[in-house]
Amino acid sequence: GPITDLQPGCAAKLPFKNTKITGILTFADLLALVTGRVPLFVEIKSEWTEPDLRFLSEIARLATAYKGPIALMSFDPGVMAVLARLAPDIPRGIVSGRYRDASGAPWWPELSSWRMFRLRHLLEHQGAAPDFYAYEVGALPTLATHLARTIRGLPLLAWTVRTDHDRRIAAMHADAPIFEGYDPKS
């Protein structure tokens, strides 16, 4: 369920991503751990409902106070529009892609086909004024991402790069990769 429904301290007892590691850090704890040593691109998840102003206000407060390089991003332009008001000096990005899995099933069935089309083609911003886009590497190249880079001059990140093939696609069609579990030797 939503992290906001958990009692304080509960996330610290949850296992992390099918590992034996327990203790999901709070956002504040993560920022304290990193302390500006590496740039952070923080993805904010959404339930595609009215953005939670209390939750986003705390993210904005912590990101604004952070002393290292940080950017915020979300699939939900509504979330990013709220953050444009709450943390106008923090770079913001909109994450996008095919909006369907390999079988053709929608990632979020609650979204209409028309909305998924607008999101997939980078046509919905809701006042977010993104500073960059992050796009699904397996869906590149697209006309929308090409236009965002060449006409609008916005940087494009490619997610999630896990293989050498993904890395080559990202190198051809994006400005930077977002790696996860990438091992160039495999």
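Is Ser74 buried or exposed? Select this residue as the point of departure in what is a predicted model. Ser74 is buried, its relative accessible area being 0%; the cut-off for that term is under 20%.

**Stop 1: Ser74 and its surroundings**

With Ser74 still selected, colour strand E2, in which this residue is found. Next, display the side chain of Ser74 together with the backbone of Asp76: the side chain reaches the backbone nitrogen of Asp76 at 3.1 Å. Then show the residues in contact with Ser74, leaving aside neighbours within four places in sequence: Ile44, Ser46, Val79, Met80, Gly93, Ile94 and Val95.

**Stop 2: the start and body of H3**

Move on to Asp76 and show its side chain. At the start of H3, a side-chain oxygen of Asp76 comes to within 2.8 Å of the backbone nitrogen of Gly78. Now select the whole of helix H3, residues 77-86. This helix is mostly covered, with eight of its 10 residues buried. The buried residues are Pro77, Gly78, Val79, Met80, Ala81, Val82, Leu83 and Ala84. To see what they pack against, add helix H2 (53-65), strand E2 (70-74), strand E3 (92-96) and helix H4 (113-120) to the display.

**Stop 3: the two sides of H4**

Keep H4 in view and select Arg115, Met116 and Leu119, which are the buried residues of this helix. They lie on the same side of H4, because the arc they cover around the axis is only 100°. As a general matter, an α-helix has 3.6 residues a turn, so residues three or four places apart point the same way. The buried residues of H4 pack against H3 and E3. Rotate to the other side of H4, where Ser113 and Trp114 are exposed. Leu122 follows H4, and its phi is positive, near 60°.

**Stop 4: the sheet**

Hide the side chains and show the strands alone. Six strands form an open sheet in the order E1-E2-E3-E4-E5-E6, with parallel pairing. At its edges are strand E1 (40-43) and strand E6 (176-179), each of which pairs on one side only. From one strand to the next, the twist averages 30°.

Begin with E1 and E2, whose parallel pairing runs over four bridges. Select Val42 and look across to Leu72 in E2, which stands opposite.

**Stop 5: E5 and its two partners**

Select strand E5, residues 156-161. Six of its six residues are buried, so the strand is largely enclosed by the rest of the structure.

Consider the pairing with E4 before that with E6. Strand E4 (residues 132-136) is joined to E5 in the parallel sense over four bridges. Within this pair, select Glu136 and Trp159 of E5, which stand opposite each other. Trace the chain from E4 through helix H5 (residues 143-150) to E5: the three elements make a right-handed β-α-β unit.

Turn now to the pairing of E5 with E6, which is also parallel and has three bridges. Here, select Leu157 and its bridge partner in E6, Ala176. Continue along the chain from E5 through helix H6 (residues 164-173) into E6, where these elements make a right-handed β-α-β unit. The tour ends at E6, an edge strand of the sheet.

Note on methods:
Residues are numbered from 1 along each chain as its sequence is written. This is a predicted model: local features need pLDDT of at least 70, side-chain atom pairs count only at pLDDT 80 or more; totals for chains, interfaces and linings use all residues. Side-chain values use heavy atoms; hydrogens and water are left out. Buried means under 20% relative accessible area, exposed over 50%, partly exposed in between (1.4 Å probe, protein chains only). Helices (H or I, at least four residues) and strands (E, at least two) are DSSP runs, numbered from the N terminus. Contact means heavy atoms within 4.5 Å. A polar contact is a pair of N or O atoms within 3.5 Å; within protein, one must be able to donate a hydrogen and the other to accept it, and residues adjacent in sequence count only if both atoms are side-chain atoms. Two strands pair if DSSP finds at least two bridges between them. Axes are lines fitted to C-alpha atoms, for helices over the stretch in contact, and angles run from 0 to 180 degrees between N-to-C directions. The arc is that of the directions from the helix axis to the C-beta atoms. A crossover is right-handed if, with the strands pointing away from the viewer, the path from the first strand over the helix to the second runs clockwise.
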